[in-house]
Amino acid sequence: SMLHTLHAKENGAKVIVVDPRFTRTAAKADTFYRIRSGTDVAFIMGMLHHIFKNGWEDKEYIKARVYGMDKVREEVMKKWTPEEVTRVTGVPEAEVFKAAESMAKNRPSTVVWCMGQTQHTIGNAMVRATCILQLALGNIGKSGGGANIFRGHDNVQGATDVGPNP
């Protein structure tokens, strides 16, 4: 995964890392945001607050392809104010704004996460929030966009790639 990240940087990609730990990936990132462990959802909702407040969401994409974004927007604007996001995550508002602006102004963009998000006790909520962010920005289903997961190998999800569930 580091090799892919470094290759992307060589081709001009900007890399943002959001993590409680300063990892090897964070060391190679253009920007690193240290959040409190388990506050990924709050950070993402904080980004969405700035995206909606500044009209950076992809309105046409949402209208054509996304159901329920109005409810997301309502919750984000009411519950996830910059003050609340900073209180929960420990990240200053200006940094959350910068992350949101970077994603909004460099499209298509992708979000990549690893086992830390997926296998967290609230991993389902974290993955949903990440996908919602990408839907708001119109980055799902576009080359260079998406919601992507780095895994150790192709069978890590329990062999679902070969269809043995039945």
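In this predicted model, asparagine 139 touches Arg107, Pro108, Ser109, Gln134, Gly145 and Gly146, with residues up to four places away in sequence not counted. Asparagine 139 sits in the loop between α9 and β4 (147–149). Its relative accessible area is 0%. Asparagine 139 is therefore buried, since the cut-off for that class is under 20%. The side chain of asparagine 139 also makes a polar contact, at 3.1 Å, with the side chain of serine 109.

Two of the residues touched by asparagine 139, Arg107 and Pro108, share a peptide bond in the cis form. Omega for the bond from arginine 107 to proline 108 is near -5°. Proline 108 belongs to the loop between α7 and β3. Asparagine 139 thus brings together a loop that follows α9 and a loop that follows α7, through its contact with Pro108.

The protein chain as a whole contains 9 helices and 4 strands. Their order along the sequence is α-β-α-β-α-α-α-α-α-β-α-α-β. The protein chain has 166 residues, of which 37% are buried. Among contacts with a separation of 6 or more, 65% join residues 24 or more positions apart.

The largest pocket has a volume of about 1,600 Å³. Its lining comprises 48 residues. Ile16, Val17, Val111, Val112 and Trp113 are the closest of these to the pocket centre. Several elements give two or more residues to the lining of the largest pocket. The helices are α1 (2–10), α2 (24–28), α3 (40–53), α7 (93–105), α8 (115–118) and α9 (123–136). The strands are β1 (16–19) and β3 (111–113). By residue class, the lining of the largest pocket holds 23 nonpolar, 19 polar and 6 charged residues.

Threonine 130 lies in helix α9, one of the elements that line the largest pocket. Its relative accessible area is 1%, and it is classed as buried. Beyond its neighbours within four places in sequence, threonine 130 contacts Ile44, Val111, Trp113 and Gln117. Val111 and Trp113 are also among the residues closest to the centre of the largest pocket.

Threonine 121 presents the opposite case of exposure. This residue is in the loop between α8 and α9. It has a relative accessibility of 78% and counts as exposed, because the cut-off for that class is over 50%. In sequence, threonine 121 and glycine 38 are 83 residues apart. Their C-alpha atoms are 8.4 Å apart in space.

The structure also holds 1 cavity of 30 Å³ or more. The largest cavity encloses about 30 Å³ of space. Gly46, His50, Pro82, Val85, Thr86, Glu93 and Val96 form its lining. At least two lining residues come from each of α3, α6 (82–89) and α7. Helix α6 gives the most, with 3 residues. The lining of the largest cavity divides into 3 nonpolar, 3 polar and 1 charged residue. Helices α3 and α7 supply residues to the largest cavity and also to the largest pocket.

Helix α5 (residues 69–79) has a buried side and an exposed side. Met69, Val72 and Val76 are its buried residues. They span an arc of only 55° around the axis, so they fall on the same side of α5. An α-helix has 3.6 residues a turn, so residues three or four places apart point the same way. The other side of α5 carries the exposed residues Asp70, Lys71, Glu74 and Lys78.

Glutamate 74 is one of the exposed residues of α5. Its relative accessible area is 52%. This value is over 50%, so glutamate 74 falls in the exposed class. Glutamate 74 and histidine 49 are 25 residues apart in sequence. In space, the C-alpha to C-alpha distance between glutamate 74 and histidine 49 is 9.7 Å.

Technical notes:
Residues are numbered from 1 along each chain as its sequence is written. This is a predicted model: local features need pLDDT of at least 70, side-chain atom pairs count only at pLDDT 80 or more; totals for chains, interfaces and linings use all residues. Side-chain values use heavy atoms; hydrogens and water are left out. Buried means under 20% relative accessible area, exposed over 50%, partly exposed in between (1.4 Å probe, protein chains only). The arc is that of the directions from the helix axis to the C-beta atoms. On a 1 Å grid over the protein atoms alone, a cavity is a set of points where a 1.4 Å probe fits but cannot get out, and a pocket is an open set with protein on both sides within 12 Å along at least five of seven lines; lining residues have an atom within 4 Å of a point. Grid points are joined across faces, edges and corners, and a volume is the space filled by probe spheres set on the points. Ala, Val, Leu, Ile, Met, Phe, Trp, Tyr, Cys and Pro count as nonpolar, Asp, Glu, Lys and Arg as charged, and the others, Gly among them, as polar. A polar contact is a pair of N or O atoms within 3.5 Å; within protein, one must be able to donate a hydrogen and the other to accept it, and residues adjacent in sequence count only if both atoms are side-chain atoms. Contact means heavy atoms within 4.5 Å.
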